[in-house]
Amino acid sequence: MTAPLLTGAAEPATDRTVVGENLSLPLFRTLSGVLAGHPYLKVVVDRAENTWHLLDTAAHPFHVNYVATRILGMDLTALDAELDAFNASVYMDPGRRFLLGVLSLHTDEDADGRERTFLVMETTEADTMHGELLSFFYEFVRARVDGRLPLLLKPANHGQEEELAAISELSVPRILSHELFGSRARTPLNPGEATGRLRFFRTHDDYAAAEAGLGWADIVAMPCLPDDVPRVAGFLNTAPITPLSHTNVLASGWGIPNAIVRDLEQLVEKDGLDGAWVRYRVREDEISLERLDHEPALRAPAWHQQRIRLEPPLLEEAPVLALHRLRSTDRDRYGTKAAHLGELHHVLDSRTADLTAFYGRPRPPRADLYGHLAARLGLSAFHTAAPTESELRARAAEFVAGAVSAPNGVALPFALQQRFLASSTVLQQGIGKLKMALELDATDVLDSLCLQLQHLIRQTPVPESVIRQLSQAFPAPTGSGGRLVVRSSSNAEDLPGFSAAGVYDSVTTVHGTGELLDAVRQVWASLLSPRSVRLRHQVGISLDDTYMGVIVQEYVPASLGGVLVTCNPTRREDFRNVYLNCSPGSPEQVVDGSVLPQQYLYNTVEGGGRTVALGSWGDGLSAATRARLADLSLTGRLLQSHFSATDVDQPLDIEWLMTDRGDFRLVQIRPYAL
């Protein structure tokens with residue numbers, strides 16, 4: 001839980017705030033509100049007056065409003081006019097008068113299994129308190145809180161963690177965020193609401209036996225849902241996953257609720273929920289599952305009528321091109337993924353794109369966030385001369401070009417796939433049968449036709465003209481043992497309303513010409529997998545309009561890799577933070593879910609980052625690496641200004657790796673569905 005920065009809201013008349021009193025548990029409960037299931041209370045320490053204020057949560061939703069209006073006598077209009085400077089004075093000034101924090105109440109079990117109640121104190125995520133201030137803050141509060149209540153300090157960001165590292169835990173007892181929340185029973189992943197029939201599966205075999213009968217009115221619950229789960233009403237996981245897992249990306253793109261509920265099996269057994277009709281809600285501070293006493297009258301969801309329109313693919317002869325020669329407008333010849341990587345090359349090489357637009361959008365009461373961006377880029381802080389708009393744009397472009405690089409490689413156009421398919425009469429006949437089955441909605445034969453076609457594609461010889469064109473454009477690599485990576489780049493992925501995350505194949509262990517041809521055919525064949533055909537058919541994407549380009553790149557060894565999205569997936573109104581997953585080695589481990597990654601949030605407005613979870617690893621990253629990830633996160637936010645086109649708040653989904661030399665490389669960039 002983190003105290004929000006203010007937005008200048010009006011305050012109710014009723015106010016039970018107290019000043020200077022010691023805090024007992026009954027007083028805490030009188031003044032507190034509830035956030036994410038935990039009672040919490042805002043506190044303000046006034047160092048000049050040597051006292052503190054315990055804020056009535058209902059009357060004072062924002063610390064800074066209270067400080068400005070009730071202590072300093074300002075009005076909200078004056079506060080809004082200088083909001084960022086005022087925030088800097090109370091959250092970032094090392095000699096500040098006021099210390100602002102939150103106390104939250106938690107329970108756990110001691111070594112003997114007995115319930116223990118304790119308080120946790122923290123500041124806002126953007127607070128830059130140094131070690132001396134943190135110690136003073138803790139000791140001041142500790143002296144005024146009922147001694148029977150243990151009090152722990154939770155550092156709100158990595159900077160505070162590093163400051164506390166030099167301070168004894170005996171003098172300042174502490175708990176880290178991932179220690180406090182890492183084992184919680186219920187975690188929201190994608191907000192939403194659904195009414196449907198709960199289908200609970202204890203094992204994957206149980207799920208597989210029932211998969212064919214799952215429909216749009218089902219809510220699927222199991223330890224960890226498979227990536228090829230069909231489109232249903234909602235997801236529930238009983239084992240940990242992350243907001244950037246394939247299934248949650250699907251949930252986000254489909255607009256359905258998804259959460260982790262570790263005690264679901266007990267709830268199912270207690271209330272007889274398996275097969276029951278339920279109302280399922282996921283919010284940031286609430287996950288609920290309500291059994292209904294009758295089958296509701298449900299209408300088919302909107303996506304049953306949803307139709308995704310594709311730009312007509314261009315199938316005339318086109319060369320195999322180096323990625324850096326592509327632009328976003330080439331998606332109708334080479335696919336969306338290749339076109340985005342080509343556009344990324346252009347942004348990094350030309351340095352002419354405006355990467356500041358996200359920060360130029362008004363965030364009331366702020367006219368814009370340019371001052372914060374200038375501070376993040378090292379140009380200025382508040383109260384100093386602001387850079388001009390052109391200076392800010394130039395510095396942003398310079399920062400991004402210095403922080404990341406785009407992958408080298410080549411893109412195969414749709415025309416090569418078309419020439420390959422046209423080379424085989426048997427393939428043409430198989431595609432014709434599949435089209436007929438789709439027109440007749442013959443779902444009983446759909447899977448077998450798709451599987452037969454995929455087998456044929458993998459076995460059909462590639463025409464010599466195609467082999468020659470590919471060999472000339474991409475000679476055998478010399479680095480990394482000659483290893484190549486072959487990725488999909490369809491025109492039916494990374495689209496508004498249809499992300500297709502994890503639907504098409506990529507092959508990451510390719511050596512030599514023979515394996516390269518096999519990998520290209522495997523990627524082509526993935527366009528006709530039963531799952532991809534069904535998903536496209538559901539949203540009205542015609543088989544005639546769907547083509548597959550291919551990206552071929554040299555393999556680059558990675559010391560660290562992962563995915564970041566330029567938003568907070570579980571809190572959609574949060575415009576400050578980006579969410580980043582990573583694990584040692586290849587980013588594929590994060591993408592395919594074979595490991596539980598480390599998770600971080602980075603504030604791209606006021607700065608700072610914090611650890612959400614350590615995943616499959618016991619130790620976090622070094623301070624130096626976390627600082628590098630902060631730069632990567634800011635880079636993602638800046639790129640959002642360019643790649644989000646008309647809506648600068650449209651977040652990006654970026655797959656990245658850190659090379660053995662410590663350089664960042666972005667290997668995929670696409671819209672992230674909200």
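Helix 12 (residues 336-350) lies across strand 16 and strand 26 (664-671). Its direction makes about 125 degrees with that of strand 26. Helices (H or I, at least four residues) and strands (E, at least two) are DSSP runs, numbered from the N terminus. Contact means heavy atoms within 4.5 Å. Axes are lines fitted to C-alpha atoms, for helices over the stretch in contact, and angles run from 0 to 180 degrees between N-to-C directions. The model is predicted: local features need pLDDT of at least 70, side-chain atom pairs count only at pLDDT 80 or more, and totals for chains, interfaces and linings use all residues. Residues are numbered from 1 along each chain as its sequence is written, and side-chain values use heavy atoms, with hydrogens and water left out.

Strands 16 and 26 belong to an open sheet of 7 strands, in the order 16-26-25-21-22-23-24. Pairing in this sheet is mixed; two strands pair if DSSP finds at least two bridges between them. Strand 16 (404-405) and strand 24 (609-613) are the edge strands, and each pairs on one side only. Strand 22 (residues 577-584) and strand 23 (residues 598-603) run antiparallel and are joined by 6 bridges. Cys582 has Gln598 of strand 23 as its bridge partner. Helix 23 (residues 623-643) also lies across this set of strands: strand 16, strand 21 (558-565), strand 22, strand 23, strand 24, strand 25 (652-659) and strand 26. Helix 23 runs at about 140 degrees to strand 25.

A further open sheet of 7 strands has the order 8-12-11-10-9-13-14, again with mixed pairing. Its edges are strand 8 (186-190) and strand 14 (286-291), each paired on one side only. Neighbouring strands are turned against each other by 30 degrees on average, direction ignored. Strand 8 and strand 12 (residues 258-261) run antiparallel, with 4 bridges between them. Asn190 has Asn258 of strand 12 as its bridge partner. Helix 9 packs on the sheet and touches strand 8, strand 11 and strand 12. Its direction makes about 55 degrees with that of strand 8. Helix 10 (residues 264-271) packs on the sheet too, touching strands 8, 9 (192-200), 10 (218-222), 11, 12 and 14. The angle between helix 10 and strand 9 is about 75 degrees.

Aromatic pairs number 8. Rings of Phe, Tyr and Trp (its six-membered ring) pair if their centres lie within 6.5 Å; planes under 30 degrees apart count as stacked, over 60 as edge-to-face and the rest as tilted. One of these pairs is Phe235 with Trp254, edge-to-face at 6.2 Å centre to centre and 65 degrees between the planes. The pair links distant parts of the chain, 19 residues apart: Phe235 in strand 11 (residues 234-237) and Trp254 in helix 9 (residues 246-254). Both Phe235 and Trp254 are buried. Buried means under 20% relative accessible area, exposed over 50%, partly exposed in between (1.4 Å probe, protein chains only).

Charges also sit over rings (NZ of Lys or CZ of Arg within 6 Å of the ring centre and within 35 degrees of the ring normal). Arg116 lies over the face of Phe118, at 4.5 Å from the ring centre. The charged end of Arg483 sits over the ring of Tyr555, 3.6 Å from its centre.

The structure holds 0 disulfides (pairs of cysteine sulfur atoms within 2.5 Å). The sulfur of Cys224 is too far for a bond, because the closest cysteine sulfur, in Cys582, is 19 Å away. Cys224 is partly exposed, at 40% relative accessibility. For Cys582, the closest cysteine sulfur is in Cys567, at 17 Å, also too far for a bond. Cys582 is buried, at 0% relative accessibility.
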